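Me: I am new to this structure. Please take a close look at its nonpolar interior and the aromatic rings found there.

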Amino acid sequence: MYGKVMPDEIRRIDYYDVMVPDKPGEAARILTALETAGVNLIAFSGFPQGARKAQLDFMAQDGAALKKAARAAGLTLGAKKTGFMMQGEDHPGAAAVIARKLAEAGINLTSMQIVCAGAGRFGGLFWVKPADVRKAAKVLGAV
């Protein structure tokens, strides 16, 4: 039997990306600059993108503060994009219920990362194509 329990919260989240050299210490340098500027990150993701580049994605509590700190650190952020963040009580099928609802609505899930947060909780990020953000938000009851 499929689980029916939706996460406690699903919300749209703005994020910005930046391409950087894929070398030791680059993420530490940038994250330290954001820390020093007082930027509170909700989520951060980094991964290789080609031969010698890496893409860093930043989801911040305050997008304006992130942009200001990034500029001061010599970074050129990409355009604002939208993804989704979810949090809830951990249970079997926590991610599957989201994937199913999107599939049933004809929306392609382009990426999803889910982690156990401890104390019986989980959190995750997921993305759909930009043209499907509004429809996904409606289908999932995202704020």
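**The nonpolar core and its aromatic pairs**

Reply: At 1% relative accessibility, Phe84 counts as buried. The model is a predicted one, and Phe84 offers a suitable place to begin, being among the residues with the most contacts inside the largest nonpolar core. That core has 17 residues, and Ile10, Ile98, Leu102, Phe126 and Val128 are likewise among those with the most contacts in it. Two or more residues come from each of strand E4 (81-89), helix H3 (94-104), strand E6 (121-128) and helix H4 (133-140).

Phe126 is also buried, because its relative accessible area is 0%, below the 20% limit for that class. Apart from neighbours within four places in sequence, Phe126 is in contact with several residues, including Ile10, Phe84, Ile98, Leu102 and Leu140.

The aromatic rings deserve separate attention. A search of the whole structure finds 3 aromatic pairs. In one of them, Phe44 and Phe58 are tilted, with 5.4 Å centre to centre and 40 degrees between the planes. This pair links distant parts of the chain, as Phe44 lies in strand E2 (residues 41-48) and Phe58 in strand E3 (residues 53-60), 14 residues apart. Phe44 counts as partly exposed because its relative accessibility is 32%, whereas Phe58, at 1%, counts as buried.

Phe84 and Phe126 form a stacked pair, with 5.0 Å centre to centre and 10 degrees between the planes. The two residues are 42 apart in the chain, Phe84 in strand E4 and Phe126 in strand E6.

Technical notes:
Residues numbered from 1 in each chain as written. Predicted model: local features only at pLDDT ≥ 70, side-chain atom pairs only at ≥ 80, totals over all residues. Heavy atoms only, no water. Core = buried A, V, L, I, M, F, W, Y, C linked by side-chain atoms within 4.5 Å. Buried < 20%, exposed > 50% of the residue type's maximum accessible area, 1.4 Å probe, protein only. Helix = DSSP H or I, 4+ residues; strand = E, 2+ residues; numbered from the N terminus. Contact = heavy atoms within 4.5 Å. Phe/Tyr/Trp six-rings, centres within 6.5 Å; stacked < 30°, edge-to-face > 60°.
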